[in-house]
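Me: I am new to this structure and would like a close look at one part of it. Could you pick out one helix, tell me which of its residues are buried, and then show me what lies around it?

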Amino acid sequence: MGLDIRWPIGFMFTLIGALLAIHGAVVKSDHAISLGININLIWGVVLLVFGVLMLLGASRGKKNPPAA
Amino acid sequence: MQAIQLQWIDYTVLIAYVAFVIGIGWTLARYMKTSSDFLTSARSIPTWVTGLAFISANLGALELVGMAASGAKYGIATAHFYWVGAIPAMIFLAVFMMPFYYGSKARSTPEYLKMRFDERVRGLNAIAFAVMTIFASGISMDALAKLLNELLGWNYNFALLICSGVVLLYVLKGGLTSAIYTEVLQFFMIVLGFAPVVYLGLKDVGGWHAMNHSLQAVAANPSALYLKDAGITYAPNAWTSAWQPLLGGPSANPMGVDWFAMIFGLGFVLSFGYWCTNFLVVQRAMAAKNMTAARNTPLVAAVPKMLFPFLVIVPGMIAVALTSMPDKNYRIPPPIVSQENYAKAVDAVRSANPADSVAAVKAVGDALGEKVAADKIASLVAANAASKLSDDQIKQGLYNSMTENYYSGVILSLVKKYCPPGLLGLALTALLASFMSGMAGNVTAFNTVFTYDLYQAYFVKGRSDRHYFLTGKVITVVGIVLSMGAAYFAKQYDNAMDIIQLVFGFVNAPIFATFLLGMFWKRTTGTGAFLGLFGGIAGSTVFHALTIATGNLPGVKGAYLWNILGQAVPESCKFPSEMAQNFWLAAFAFTVCFMLTLVISLATKSQKTDADLKGLVYSLTPKIVDHNIPIYQKPAVVGIVLLIVCVILNLIFW
C-alpha cells in the first residue's frame with residue numbers, strides 16, 4: 001500500500017541513533033549509572049546501523065517492486 | 001521512589017518517535033478511499049509486516065509491566081504464558097484455521113460466525129468483543145497514565161489525553177494500515193528500547209548463572225524479600241526451572257498451579273481461545289496480501305514471541321536477584337506512598353522512643369499507611385536516636401522497611417536504575433510505544449467489528465460504501481472516547497480491574513469450543529453453537545460464584561454464592577491460587593460449551609446445506625495445495641520447525 005514501512009523505520013532509528021551516539025560522545029559525566037559503560041554511544045551506534053540497514057533494504061526493494 | 005527527571009535529549013527522542021508515528025498516518029491518508037481500505041487494509045500487506053504487527057498488537061503496556069511483575073513473583077515459569085500459552089495456538093491458527101478465515105472472505109471473526117452459523121451467534125460474539133476491546137483499552141490506558149503520573153510526575157489527565165490523542169490522529173488518518181505500520185515501528189522500538197536495560201541488569205547481577213544462583217537462595221526463604229508469607233519455602237529451582245516445580249504440585253511452585261491446569265487450562269483453552277479467535281490479532285493476519293501470507297503471519301509472529309521472555313520476564317528475575325544482594329542497594333519497589341505520608345512517618349521516627357520499639361513500629365507504620373518490618377523500623381529509630389539522620393536517610397530507611405511489593409513498578413525501577421539521559425528517553429518511548437500499539441490494536445478491531453458486524457448488520461443496512469467509510473471514522477473517535485471513559489472507570493473503582501478481567505474470563509473461556517466445532521464438525525448447528533456459547537458463559541459465572549483461591553475473601557474474587565446461602569466455603573471449592581482458579585474455570589467453561597454444543601447440534605437440524613458450508617468447514621473445503629511455494633514458506637513445515645524449537649526451549653529451562 002503505497003508506502004514501504006522500511007523508510008520511516010530506517011529514518012527514525014538513524015536519527016535517534018545518531019542523536020544518542022553524539023550525546024554519548026559529548027557528555028561523559030553520566031556513565032556511573034550505566035555501570036561505567038558509555039551505553040549511549042554504543043547503543044546509539046547499534047540503532048544507527050539498524051536504521052541504515054532498513055534504509056538500504058527499502059532502497060533496494062524499490063528496484064524490484066513486490067508482486068501484488 | 002523519587003520522580004524520574006527527564007532532560008532535553010529524552011524529550012527529543014520521544015518527540016521524534018511521535019512525529020514519525022503521526023507522519024505515517026498522514027502519508028497513508030491519501031490511500032484511504034473505501035471502507036475496506038480503512039477497516040481491513042484491502043488485503044494488501046506483506047507477511048513480515050503483518051507478522052510483526054500481529055505480535056505488537058498483543059504486546060500492550062500491560063504485558064510489559066505485567067510480565068516483569070510475574071517474572072519477579074514466579075520466575076522463569078512465567079515463560080509458560082509464551083511457550084505453552086501462545087506458540088502452539090499460533091501455529092494451529094496458521095496451519096488449520098487461517099484458511100477458513102481468509103478463504104471465506106469474511107471481514108471479521110464475528111462475520112465468519114455469521115457465515116458458518118447465523119446472526120445470533122455473530123451478534124453475541126460481536127457485542128461481547130466490542131465491549132471487551134473498549135475495556136481492555138481503557139484498563140491499559142489507566143495503568144499507563146498512573147505509571148506516568150507516579151514516576152514522571154505527569155498529570156494523569158494530561159498523560160491520558162496526550163497518548164490517546166496521538167493514537168487517534170494516526171488511526172483516523174490511515175486506518176488499519178496505519179495501525180499495522182506503526183505497530184511494526186513500535187515493535188522495533190520496544191525491543192531496541194528495552195534490550196540495553198536487560199543487558200545492563202544482567203551484567204550488574206553478574207550474568208545469567210550468578211542471577212540463577214541468587215534466585216536459588218531466594219527460593220529457600222522467599223519471605224525475606226516479602227515475596228511470600230513467612231514460613232513458605234520452595235526447592236532451590238522454584239524461580240529458575242519452568243517445569244520441575246510445576247510437576248511437584250501446587251504447593252511446590254510460587255504460582256500454586258498443577259501441570260494439568262497449566263496445560264489444559266492455559267495451554268489449550270485460554271491460549272487457543274485468545275490466539276485463534278480474538279479478532280484483535282486475527283485481523284492482522286486477515287490484512288495480508290494473499291493466502292500464503294495470511295497463513296504465515298502468525299508463524300512470523302511466533303519467532304519474536306518465543307524470545308520475548310528474555311526481554312520481558314528476565315527483568316523481573318533480575319529485580320529479585322538484585323534485591324537479594326545487599327550491596328546493590330536495590331529493592332523491588334514498595335507500594336507508592338505520598339510525600340505527605342512520608343513526611344508524617346519521618347516525624348514519627350524522630351519522635352519515637354527507642355526504648356519502646358513496639359509502640360515506635362506501630363506509630364511509624366500508621367503514619368506511613370503501610371505494613372512495615374518491625375526489626376528494620378526499630379533499628380532505624382535507634383540509629384536516628386544515636387546520631388540524627390537527615391530526612392532523605394530516614395525516607396530511604398522507610399522505603400526499605402515496607403513489607404509489601406509493588407510489582408508493577410519493577411520494570412521502570414530498572415530503567416531508572418540503569419539508564420542515563422538519552423537511553424532513559426529511549427526506554428520510556430518504548431513503554432509509550434507498547435501502550436500505543438495495544439490501544440491502536442483495540443481501536444482498529446473495535447471499529448471494524450462495530451461498523452460491519454453491528455452497525456451494517458443491524459442498524460443501517462445497504463447504504464453506499466462511502467457511508468460505511470465515514471461511519472468507520474466516526475466509530476474510531478467514539479471508540480477512543482469510550483476507552484477514555486473506561487480508563488476513568490478503572491481509576492475510580494479499586495475493584496474495577498478485577499471485575500473487568502473476570503468478565504473477560506467468562507466470555508473468552510468457552511468461545512474456542514464454538515470455533516473448533518464449527519470449523520471441524522459440519523454437523524454443528526447454529527442453535528447448538530448459540531446455546532452452547534451461552535451455556536459456557538453461564539457455566540463460568542456459576543463456577544466463579546462457587547470457588548475461591550485460598551487466602552481471598554468471598555466476593556469479587558469468587559465464592560459469593562456461599563455467602564448468600566449463609567454457609568462457609570467448603571474445602572473442595574478452594575484453589576491454591578488465583579491463577580489455578582482461573583485455569584480451572586477456563587477448562588470448565590470450555591467443557592460445558594463443547595458438550596452443550598455437541599448435544600444440542602445432534603438434537604437440532606442444520607439450516608445450512610453442504611454447499612453453503614464450502615470454504616467454512618474443514619471436511620467440505622478442498623485442501624490447499626502448497627506445491628508451488630518454496631519449502632521455507634509452507635506453513636505446515638515452518639510450523640513443525642517452530643514447534644520443535646519451542647519444545648527445545650522448554651527442555652533447556654526444564
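Reply: In this predicted model, the buried residues of helix α16 of chain B are B:V314, B:P315, B:G316, B:M317, B:I318, B:A319, B:V320, B:A321, B:L322 and B:T323. That makes 10 of the 10 residues of α16(B), which spans residues 314–323, so the helix is largely enclosed by the rest of the structure. A residue counts as buried here when 20 or more other C-beta atoms lie within 10 Å of its own.

What does the enclosing? The buried residues of α16(B) pack against five helices of chain B: α4 (61–74), α9, α10 (208–220), α15 (309–312) and α21 (410–418). Two of these partners, α9 and α10, are good places to go next.

Let's follow α9(B) first. This helix covers residues 156–205, and it packs with helix α1 (residues 6–26) of chain A at an angle of about 30°, the two axes lying 10 Å apart. The crossing of α1(A) past α9(B) is right-handed. On the chain A side the residues that meet are A:P8, A:I9 and A:M12, and on the chain B side they are B:V184, B:L185 and B:F188. Sorted by class, this contact has 6 nonpolar residues, with no polar and no charged ones.

So α9(B) packs against the buried residues of α16(B) and also takes part in the contact between the chains. That contact takes 23 residues from chain A and 32 from chain B. On the chain B side, α1 (8–29), α9 and α22 (423–459) each supply at least two residues. The side of chain B that touches chain A is made up of 23 nonpolar, 7 polar and 2 charged residues.

Chain A itself has 68 residues, of which 35% are buried. Its secondary structure consists of 2 helices and 0 strands. Taking contacts in chain A between residues at least 6 apart in sequence, 73% join residues at least 24 apart. Between α1 and α2 (39–63) of chain A runs a loop that holds A:L35. A:L35 has a phi near 60°, a positive value in a residue other than glycine. Most residues other than glycine have a negative phi. With 13 other C-beta atoms within 10 Å, A:L35 is partly exposed.

Now back to α10, the other partner to follow. The loop between α10 and α11 (244–247) of chain B contains B:Y226. Here too phi is near 60°, and B:Y226 is not a glycine. B:Y226 has 18 other C-beta atoms within 10 Å, so B:Y226 counts as partly exposed.

Next, the wider setting in chain B. The chain is divided into domain 1 (18–233 + 278–323 + 413–492) and domain 2 (338–404). Taken over C-alpha atoms, the centres of the two domains are 42 Å from each other.

Domain 2 gives us one residue to look at: B:K395, in helix α20 (residues 391–401) of chain B. B:K395 is partly exposed, with 19 other C-beta atoms within 10 Å. Leaving aside neighbours within four places in sequence, B:K395 is in contact with B:Y342 and B:V346. The C-alpha atoms of B:K395 and B:A343 are 8.4 Å apart, although 52 residues separate the two along the chain.

For a buried residue in a loop, look at B:S108, between α6 and α7 (109–116) of chain B. B:S108 counts as buried because 26 C-beta neighbours lie inside 10 Å. Beyond neighbours within four places in sequence, the contacts of B:S108 are B:F279, B:T448, B:V449, B:Y452 and B:D453. B:Y11, 97 residues from B:S108 along the chain, has its C-alpha atom 39 Å from that of B:S108.

Finally, α6(B) has a packing partner of its own. Helix α6 (residues 87–103) and helix α28 (residues 635–652), both of chain B, pack at an angle of about 175° with their axes 10 Å apart. The two are therefore roughly antiparallel to each other. From α6(B) the contact uses B:I87, B:P88, B:I91, B:A94 and B:V95, while α28(B) brings B:P635, B:A636, B:G639, B:L642, B:L643 and B:C646. These residues divide into 10 nonpolar, 1 polar and no charged.

Terms used
Residues are numbered from 1 along each chain as its sequence is written. Chains are lettered from A and ligands numbered from 1 in the order in which they are written. This is a predicted model: local features need pLDDT of at least 70, side-chain atom pairs count only at pLDDT 80 or more; totals for chains, interfaces and linings use all residues. Axes are lines fitted to C-alpha atoms, for helices over the stretch in contact, and angles run from 0 to 180 degrees between N-to-C directions. Helices (H or I, at least four residues) and strands (E, at least two) are DSSP runs, numbered from the N terminus. A crossing is left-handed if the near helix is turned anticlockwise from the far one by less than a right angle, and right-handed if clockwise. Two residues are in contact if their C-beta atoms, placed from the backbone, lie within 7 Å. Ala, Val, Leu, Ile, Met, Phe, Trp, Tyr, Cys and Pro count as nonpolar, Asp, Glu, Lys and Arg as charged, and the others, Gly among them, as polar. Angles under 35 degrees count as roughly parallel, over 145 as roughly antiparallel, 65 to 115 as roughly perpendicular and the rest as oblique. Domain bounds come from an automatic or database domain assignment. A residue is buried if 20 or more other C-beta atoms lie within 10 Å of its own, exposed if 12 or fewer, and partly exposed in between; C-beta atoms are placed from the backbone.
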